[in-house]
Amino acid sequence: METSVLKFGGTSVGDFDKIKEIANELKSRVSRGEKLIVVVSAMGGTTDELLLNANSLSSTPKEDHVALLLTTGEQQTISYLSIILDDLGIRTKAMTGYQAGIKTFGGHMKSRIADIDQKHLEAALDNHDVVVIAGFQGINDEMEITTLGRGGSDTTAVAIAARCNMPCEIYTDVDGVYATDPRVYEEAGRIYEITYDEMMEMSALGAGVLETRCIEIAKNHSIPLYLGRTLSDEKGTWIMEDTQVLERKAVTGVALDSDIIHVTLYEPERESTLIFDLFEKFEAHDINIDMISQVVNSEGFQLSFTVKGNESYRLDEIFEAVERLHPEMVMDVRKNHSKVSIIGSGMRDMTGVASRAFMALQQAGIPFYQTTTSEISISYVVDGEKDRQAVEVLAKKFNL
C-alpha cells in the first residue's frame, strides 16, 4: 500500500471550510488505496495571536512557558481535521509531537530534532488510514515540550518522511518554486525540478519558500520532496537529487534578501586583536554574520561582512564596546542594503557566469559593494533602493 507524508501550512488550514476541503481530498486518496501521515501547522494567524497574548501578560515570559503555549495552535488543527475525517468515515489518529515520538534538543523556542521513534507512527498506521500529527513541536530529554522555530512544521514533515522512508509533499499558498519572487519580478518562471543543493542555497540566500534545514534533511536521506499549492491541479516543484534533474541550467534562480546591514572595518594595526574581540562578542550575543572578506596589506587590514537588519539594536552595543578597545579603528556601517544572489548547479561546469552577471549589473548602473561565491552561487551587496532592479536585470540576463 502506498504511503506518503503530506504537510499543510497555516494558510491552507486557515478556516474550517479549508480544513473540510483538505479532509475531502484526503478521503479521495485513501479511497485510492493510500495510507497517509498528515502534518499540519496552526491555523493562519494563531501563533501570532498566542505570542501577543503571552507578551500582554509579561514583558519577559519564560521560553518554556511560551513554547508550551504555542504548541496548542497545532493541537487545535489536528483535532479539527481529525473530527472531520472521522465524520467522513476515515479511520484517523491525531497525535501531538510527543505522541509521535519526536525527540528534540536545544532551546525551547528553536529546538532541533534529535530522533523520531518510528514505532509510534508504525503502530498508528497499522490501525488507521490517516495519522494527523501536530507540526512544529517535540519533547526534550527533560520531558519539556519544545518548538522547532520558523518553518518547524516543514521540518517535522520531512524528518518523519526520512525516518519512515516515504516521499514528502508540502502544500502551501504558492504554486511551487519560482526562479525568483514573482512579487519582485512578475515574469519569473516556475521551476518544476530543482536540486537539493540549489533549493538549500536559494533558501539560505533569501528565498522564503522552504527552510534550509528541512531541505537538508531531505537531501541527507534522499527523500523526494514536492512543493505545490493546496488542492490545486497546477504542477508544482520536485526537489531531488542532482542526477535526477533532466535539464541543468547555468543559473536556476535569483534570491533577494532585502534586510541587510553592510559593515566595513579599517584597522591600521596589522597585528591587532580586533577580529578576535569582534567575533567573541558576536558569539556571545548569538549573532550570525555572512559574506565575510578580509584584505591585509602594509597599511593594516580591512574586514567586511553583512548581518541581518533585525540585529541592528545589538550591533550598536557591540560596536561601541569594540571601539573602546580599538580607538584607531574606522567603521563604515550601511543599513539600507540588500543581498542579491544568483544560484545554479550548472555553475560547476559552465564558465563565464560571473562575468555575465558583473557586466549586466554594471551596464544597468547598479553598483555593488561586496561579492562572495560558493560552488553554485554568486552574491552581491547592492543599494536597497536598487535591489528589485538588480533582480530583474539578472533574471532577464539568464532567461529566468
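Leaving aside its neighbours within four places in sequence, which residues is Ala354 in contact with? They are Ile378 and Tyr380. The model here is a predicted one. Ala354 is found in helix H10. Its relative accessibility is 31%, so Ala354 counts as partly exposed. Ser377 stands 23 residues away along the chain. The C-alpha atoms of Ala354 and Ser377 are separated by 9.4 Å.

Helix H10 also carries an aromatic residue. H10 covers residues 353-363 and holds Phe358, while Phe368 belongs to strand E19. Before turning to that pair, consider the sheet that E19 belongs to.

Strands of a sheet pair through backbone hydrogen bonds, either parallel or antiparallel. In this sheet the pairing is antiparallel. Six strands make up the open sheet, in the order E16-E17-E15-E18-E20-E19. Which strands stand at the edges? They are E16 (289-297) and E19 (368-374). Each has a single partner strand, so one side of each is left without a neighbour in the sheet. On average, neighbouring strands of the sheet are turned by 25° against each other, direction ignored.

Look next at the E16 edge. E16 pairs with strand E17 (residues 300-308) over seven bridges, in the antiparallel sense. Asp290 stands opposite Thr306 in E17. Helix H8 (residues 274-284) packs on the sheet. H8 touches E16, E17 and strand E15 (253-267). The direction of H8 makes about 15° with that of E17.

Now the rings. How many aromatic pairs does a search of the whole structure find? The search finds nine. A pair of aromatic rings is described by the distance of the centres and the angle of the planes. For Phe8 and Tyr171, the centres are 5.5 Å apart and the planes are at 20°. Planes under 30 degrees apart count as stacked, so this pair is stacked. Phe8 lies in strand E1 (residues 3-8), and Tyr171 lies in strand E9 (residues 168-172). The pair therefore ties together parts that are 163 residues apart in sequence. Both Phe8 and Tyr171 are buried.

The pair of Phe358 and Phe368 is edge-to-face. Its rings are 5.1 Å apart, centre to centre, with 65° between the planes. These two residues are ten residues apart, and their pair links helix H10 with strand E19. Are they buried or partly exposed? Phe358 has 29% relative accessibility, so it counts as partly exposed. Phe368 is also partly exposed, with a relative accessible area of 21%; the limit for buried is under 20%.

Phe8 and Tyr171 belong to a cluster as well. Ring pairs link them with Tyr226 and Trp238. Elsewhere, a ring meets a charged residue: Arg334 lies over the face of Tyr369, at 5.2 Å from the ring centre.

The last stop is Thr146, in strand E8 (residues 145-147). Is Thr146 buried or exposed? Its relative accessible area is 0%, so Thr146 is buried. With which side chains does the side chain of Thr146 make polar contacts? One contact, of 2.7 Å, is with the side chain of Thr104. Another, of 2.9 Å, joins Thr146 to the side chain of Ser111. Thr104 and Ser111 are also among the residues in contact with Thr146 beyond its neighbours within four places in sequence. That list further includes Ala67, Thr71, Gly107 and His108. Phe136, Gln137, Gly138, Ile139 and Asn140 are in contact with Thr146 too.

How values were computed. Residues are numbered from 1 along each chain as its sequence is written. This is a predicted model: local features need pLDDT of at least 70, side-chain atom pairs count only at pLDDT 80 or more; totals for chains, interfaces and linings use all residues. Side-chain values use heavy atoms; hydrogens and water are left out. Two strands pair if DSSP finds at least two bridges between them. Helices (H or I, at least four residues) and strands (E, at least two) are DSSP runs, numbered from the N terminus. Axes are lines fitted to C-alpha atoms, for helices over the stretch in contact, and angles run from 0 to 180 degrees between N-to-C directions. Contact means heavy atoms within 4.5 Å. Rings of Phe, Tyr and Trp (its six-membered ring) pair if their centres lie within 6.5 Å; planes under 30 degrees apart count as stacked, over 60 as edge-to-face and the rest as tilted. Buried means under 20% relative accessible area, exposed over 50%, partly exposed in between (1.4 Å probe, protein chains only). A charge sits over a ring if NZ of Lys or CZ of Arg is within 6 Å of the ring centre and within 35 degrees of the ring normal. A polar contact is a pair of N or O atoms within 3.5 Å; within protein, one must be able to donate a hydrogen and the other to accept it, and residues adjacent in sequence count only if both atoms are side-chain atoms.
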